[in-house]
Amino acid sequence: MEAAAAKLIGAGLAAIGVVGAGIGIGTIFAAFITSVARNPAAAGNVTAMTWIGFALVEAIALYALVVALLLLFVF
Amino acid sequence: MAAEGHSPLAQFEIKPLIKLQMGQMDVSYTNSALFMSFTVILIVIFLIFGMRKGALIPGRWQSMAELSYEFVANLLRDTVGAEGRHYFPFVFTLFMFILFGNMLGMIPYSFTFTSHIIVTFAMALVVFFGVTILGFVKHGFHFVSFFVPPGVSVLLWPLMIPIEIISYLSRPISLSVRLFANLTAGHTMLKVFAGFVVSMGIVGGILPLAFVIALTGLEILIAFLQAYVFTILTCFYINDAINLH
């Protein structure tokens with residue numbers, strides 16, 4: 001298989017990694033909605049942590065994207 | 001018009017504006033440096049003119065300047081405690097620089113300097129080395145006890161300590177890649193969908209246009225969020241160095 005084709009297939013496979021981030025973000029916001037629904041007074045406390053958690057999980061999706069971009073444009 | 005810059009990645013190109021050479025080193029003033037200068041000038045104007053009146057009951061501009069100060073000061077106090085106020089100038093500078101840099105990048109035809117890994121990596125390295133040196137200065141050699149998680153039996157140490165050290169060393173990488181990849185991916189997506197708006201014509205282009213509008217809103221949120229996350233992780237790392245666990 002020639003290098004260019006292998007690069008494209010590799011980049012496509014690397015992009016599958018964002019699935020984990022999709023599950024993670026869904027989990028975080030499900031926990032957020034559940035906790036605010038049970039205890040609306042706690043909304044202020046958990047909101048900040050929710051956004052930090054979201055940014056950390058999204059970073060994982062972006063690591064997968066970085067691998068894909070590395071394969072396409074650096075190698 | 002020249003048929004260049006059709007790749008969505010062309011917006012990240014560094015263009016030298018004033019070419020300067022120091023021996024073998026190229027120290028030109030680039031578009032990245034230009035936007036960093038704009039950022040600093042904008043922050044200085046925002047804060048100095050905001051606090052010019054110094055009234056006890058703040059007007060609108062002073063309110064915003066005080067809001068940004070309080071936001072970072074509260075962050076430090078909530079994560080580090082009273083000790084944190086020594087690091088306020090550094091953390092505040094970091095937050096405002098990244099925030100204003102990200103926001104300036106949302107202006108069409110501008111340049112986002114935080115979308116380059118070398119810029120974010122430099123900032124993350126400063127945080128990493130600063131926090132490590134801080135830990136060693138504050139605790140001396142005892143700082144290495146940070147790598148032993150509390151409540152773990154001695155038998156597990158050969159497994160846990162390398163894991164802890166590796167996750168500590170991955171901090172500057174995750175800090176820098178998070179910011180760089182978020183901004184690069186966001187701006188690339190904006191360019192790609194904007195290209196669809198043009199290529200799909202007047203009627204077909206309505207859907208991609210709506211998506212670009214929504215994406216721009218999301219990118220402004222991400223610009224603020226990434227500045228906030230970089231800053232709060234810096235505060236967590238400072239807390240780790242000062243109060244070991």
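**Close-up views of chains A and B**

**View 1. Meet B:Tyr109, an exposed residue in a loop.** B:Tyr109 is exposed because 5 other C-beta atoms lie within 10 Å. For these labels, C-beta atoms are placed from the backbone: a residue is buried if 20 or more others lie within 10 Å of its own, exposed if 12 or fewer, and partly exposed in between. Look for B:Tyr109 in the loop between α3 (88-105) and α4 (117-139) of chain B. Its phi is near 70 degrees, a positive value in a residue other than glycine. What you see is a predicted model, in which local features need pLDDT of at least 70, side-chain atom pairs count only at pLDDT 80 or more, and totals for chains, interfaces and linings use all residues. Residues are numbered from 1 along each chain as its sequence is written, while chains are lettered from A and ligands numbered from 1 in the order in which they are written.

**View 2. Chain A is built from helices.** Follow the sequence of chain A and you meet the pattern α-α-α, with three helices and zero strands. Helices (H or I, at least four residues) and strands (E, at least two) are DSSP runs, numbered from the N terminus. The C-alpha atoms of chain A fill a box of roughly 60 × 15 × 5 Å along the principal axes. How many of the 75 residues in chain A are buried, as a percentage? The share is 9%.

**View 3. Contacts within chain A and across to chain B.** Two residues are in contact if their C-beta atoms, placed from the backbone, lie within 7 Å. Of the contacts in chain A with a separation of 6 or more, 78% join residues 24 or more positions apart. Across the interface, nine residues of chain A are in contact with 10 residues of chain B. On the side of chain A that touches chain B, eight residues are nonpolar, none is polar and one is charged. Here Ala, Val, Leu, Ile, Met, Phe, Trp, Tyr, Cys and Pro count as nonpolar, Asp, Glu, Lys and Arg as charged, and the others, Gly among them, as polar.

**View 4. How confident is the predictor in each helix?** The pLDDT is the predictor's confidence in each residue, from 0 to 100. Chain A averages 91, and 100% of its residues score at least 70. Among its elements, helix α3 (residues 43-73) of chain A has the lowest mean, 89, and helix α2 (residues 18-38) of chain A the highest, 95. Chain B averages 91 as well, with its lowest mean of 88 in helix α7 (residues 201-204) and its highest of 96 in α3(B).
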